[in-house]
Amino acid sequence: MAKDDNLPLFETKSAKGRILFQIYSLLIFVGTCFIFAYRLSHIPAKGEPGRWAWMGLFFSELWFCFYWFLTTVVRWNPIYRNTFKDRLSHRYEQALPGIDIFVCTADPVIEPPVMVINTVLSVMAYDYPAEKLSVYLSDDGGSDLTFYAMLEASRFSKIWLPFCKKFKVEPRSPEAYFRTAVEPLGETVLAKEWSTVKVNLSLSFSPHRLQNSIHCWME
């Protein structure tokens, strides 16, 4: 643990190819200086035709050169920072703050309950101490469909959350995961649990099951 405490939480790397870009930018700058020198040394005299057009063109070039300079400065030395989340957890796990996450919805037509529930399950599966993470769903529309979808999500979470933690699932939204993931046929244990979770997902959030839940409650 003491060794981990001394490791940096992130590293900074410069982008590749920046030297070539800097040389290219310097060449453009030198060429632009030659153009400006030519413009200043060949300004038409007073009374000659095209004097104002020449000066207007020169000021336009100045403006575009200023714009080019600003964009080049921004891209002159780009850097990227990579964080090490595992080191953060090892160093500050006991001091991590409690987090409250609110997921808001209002209209089950515009915001389908399945989409909302996938968001909730994704947040619940965060790699964060469970006792310090609270997730709330605020439904301003008071939809029965959203309410019963949340009940089904609470049951499905007992399968989904351990699955995410055990196999380091990414992304943690069930719909997004099963839309992009390929069935792991080579690993027996993972393939078995993968199929079980996928079947439970399709059964839990099928429109027919949600409608049945609502009818049973109303009766």
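Me: Before we get going, partly exposed here means between 20% and 50% relative accessible area. So in this predicted model, is E111 buried, partly exposed or exposed?

Reply: E111 sits in the loop between β3 (99-105) and α5 (113-124). Its relative accessibility is 25%. Buried would need under 20% and exposed over 50%, so E111 comes out as partly exposed.

Me: And D140, buried or exposed?

Reply: D140 is in the loop between β4 (133-139) and α6. The cut-off for exposed is over 50%. D140 has 64% relative accessibility, so the label is exposed.

Me: The unreviewed UniProt entry annotates E111 and D140 as "binding site". Why can we say they gather at one spot?

Reply: According to that record, the annotation covers E111 and D140. They span 30 residues in sequence, yet they gather at one spot, because no two of their C-alpha atoms are more than 11.8 Å apart.

Me: Which residue has a side chain in polar contact with that of E111?

Reply: Leaving out residues up to four places away in sequence, E111 touches C104, T105, A106 and V116. On the same terms, D140 touches T105 and A106. The polar contact from the E111 side chain is 2.7 Å, and the partner is T105.

Me: Switching to backbone oddities, which residue is joined to P171 by a cis peptide bond?

Reply: P171 lies in the loop between α6 (144-167) and α7 (174-180). K168 is also found in the loop between α6 and α7, with a positive phi near 55°. For the cis bond, omega is about -10°, and the residue joined to P171 is E170.

Key: Residues are numbered from 1 along each chain as its sequence is written. This is a predicted model: local features need pLDDT of at least 70, side-chain atom pairs count only at pLDDT 80 or more; totals for chains, interfaces and linings use all residues. Side-chain values use heavy atoms; hydrogens and water are left out. Helices (H or I, at least four residues) and strands (E, at least two) are DSSP runs, numbered from the N terminus. UniProt positions are given in the numbering used here, feature names are shortened, and annotations may be inferred rather than shown by experiment. Buried means under 20% relative accessible area, exposed over 50%, partly exposed in between (1.4 Å probe, protein chains only). Contact means heavy atoms within 4.5 Å. A polar contact is a pair of N or O atoms within 3.5 Å; within protein, one must be able to donate a hydrogen and the other to accept it, and residues adjacent in sequence count only if both atoms are side-chain atoms.
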